[in-house]
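Grab a viewer and work through these exercises at your own pace. Try each task on the model before you read the solution below it.

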Amino acid sequence: MRKILTAFILCVFSCGVCNAADVNPDTEIHKVIGGLYSLVSALAVNGEADSDIRTLRKYFADIPGGWLEGVKAVRVNNELWAGVSVGKYSTARKYLRANSQRLGITDTPAGSSWLGEDFAWVKAGVIHGGRLTASSLKASQADGAVFFSVDGNEWWQSYPDFTRKAAQEVMSRWGVKVSGLHKPEGVSDRVSIYDQVRPSEVRKPGEMHSNRKHEFGESYDIDVGDVIFKPIPNTHYDSGNM
């Protein structure tokens with residue numbers, strides 16, 4: 001009886017571990033990896049292997065400025081590869097270098113594992129008769145967002161967010177139930193130090209003028225607002241001692 005109970009407890013515990021979602025706290029990493037899988041799923045929903053990537057905008061809501069310039073789709077023989085830009089100072093770079101081989105993310109379409117190029121690439125799928133058969137994906141929803149995974153363990157938030165209709169289409173194709181998913185609250189959510197610390201406003205000083213005083217000998221004073229500078233010190237001498 002004890003052995004059966006122990007086996008049951010271990011089974012429940014192991015199932016809990018399997019269902020636990022691993023969500024990286026750094027939102028910048030989600031913008032790259034989640035952005036890749038979002039692009040892959042949009043290409044798959046669109047279905048056309050040679051479609052203009054600008055047509056994919058209809059699947060996303062609240063597209064950030066410059067998004068279109070930061071995504072690409074390139075055909076290599078019978079494969080379609082999706083790429084997203086990686087900022088020069090993005091915190092995702094370190095993570096990509098360490099995990100790109102495991103995740104199948106490359107530095108060029110069908111190239112080597114990513115080490116530091118401006119774009120990161122992943123195979124979107126295989127082309128048959130002008131139609132795209134997407135690479136294997138898993139999708140789930142939490143906190144009003146879609147999340148993607150390849151192995152069912154690590155999950156990446158979609159970027160940008162899908163429209164409601166597109167999210168339903170994505171879930172109908174790849175949807176699975178996962179517990180513990182949540183939006184990341186990482187370093188990229190914080191305001192950059194360059195946005196927090198701004199130089200003080202530089203103002204033109206008030207009218208500058210010089211005046212000559214004779215109160216204690218010859219003196220040239222320069223007035224700047226309420227401050228008086230004396231670039232030439234007063235010279236006081238007794239002519240009788242000369």
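**Exercise 1: the whole chain**

Among contacts in the protein between residues at least 6 apart in sequence, what percentage join residues at least 24 apart?

*Solution.* Keep in mind that you're looking at a predicted model. Start with the inventory: the protein has 5 helices and 11 strands. Next, take the contacts between residues at least 6 apart in sequence; 59% of these join residues at least 24 apart. Then turn to burial: of the 242 residues, 36% are buried. Finish with the surface, where the accessible area is about 15600 Å² and carbon and sulfur atoms account for 54% of that.

**Exercise 2: the two sides of α4**

Find which residues of helix α4 are buried, and work out why they line one face of the helix.

*Solution.* Step one: α4 covers residues 164-174, and its buried residues are A166, A167, V170 and W174. Step two: look down the axis of α4; the buried residues fall within an arc of 100°, so they line one face. Step three: flip to the face turned away from the buried side, and you'll meet the exposed residues R164, K165, Q168 and S172. Step four: ask what the buried residues pack against, and you get helix α2 (27-46) along with strands β5 (131-134), β6 (138-142) and β7 (145-149).

**Exercise 3: a hairpin**

Describe how β2 and β3 pair, and say what is notable about the phi of N77.

*Solution.* First, locate β2 at residues 71-76 and β3 at residues 79-85; the two pair in the antiparallel sense over 6 bridges. To check the register, pick R75: its bridge partner in β3 is L80. Now for the connection: β2 and β3 form a hairpin with 2 residues between them. N77 sits in that turn with a positive phi of about 55°.

**Exercise 4: an open sheet and the helix across it**

Give the strand order of the open sheet of 4 strands, then work out which strands stand at its edges.

*Solution.* Begin with the order, which is β1-β8-β7-β6, with mixed pairing. β1 (22-23) and β6 are the edge strands: each has a single partner strand, so one side of each is left without a neighbour in the sheet. Zoom in on β6 and β7, which pair in the antiparallel sense over 5 bridges. Here S140 stands opposite F147 in β7. Last, bring in α2: this helix lies across β1, β7 and β8 (154-157) and runs at about 85° to β8.

Methods
Residues numbered from 1 in each chain as written. Predicted model: local features only at pLDDT ≥ 70, side-chain atom pairs only at ≥ 80, totals over all residues. Heavy atoms only, no water. Buried < 20%, exposed > 50% of the residue type's maximum accessible area, 1.4 Å probe, protein only. Arc of directions from axis to C-beta. Contact = heavy atoms within 4.5 Å. Pairing = 2+ DSSP bridges. Axes fitted to C-alpha atoms, helices over the stretch in contact; angles between N-to-C directions. Areas by Shrake-Rupley, 256 points an atom, 1.4 Å probe, with all protein chains shown as cover.
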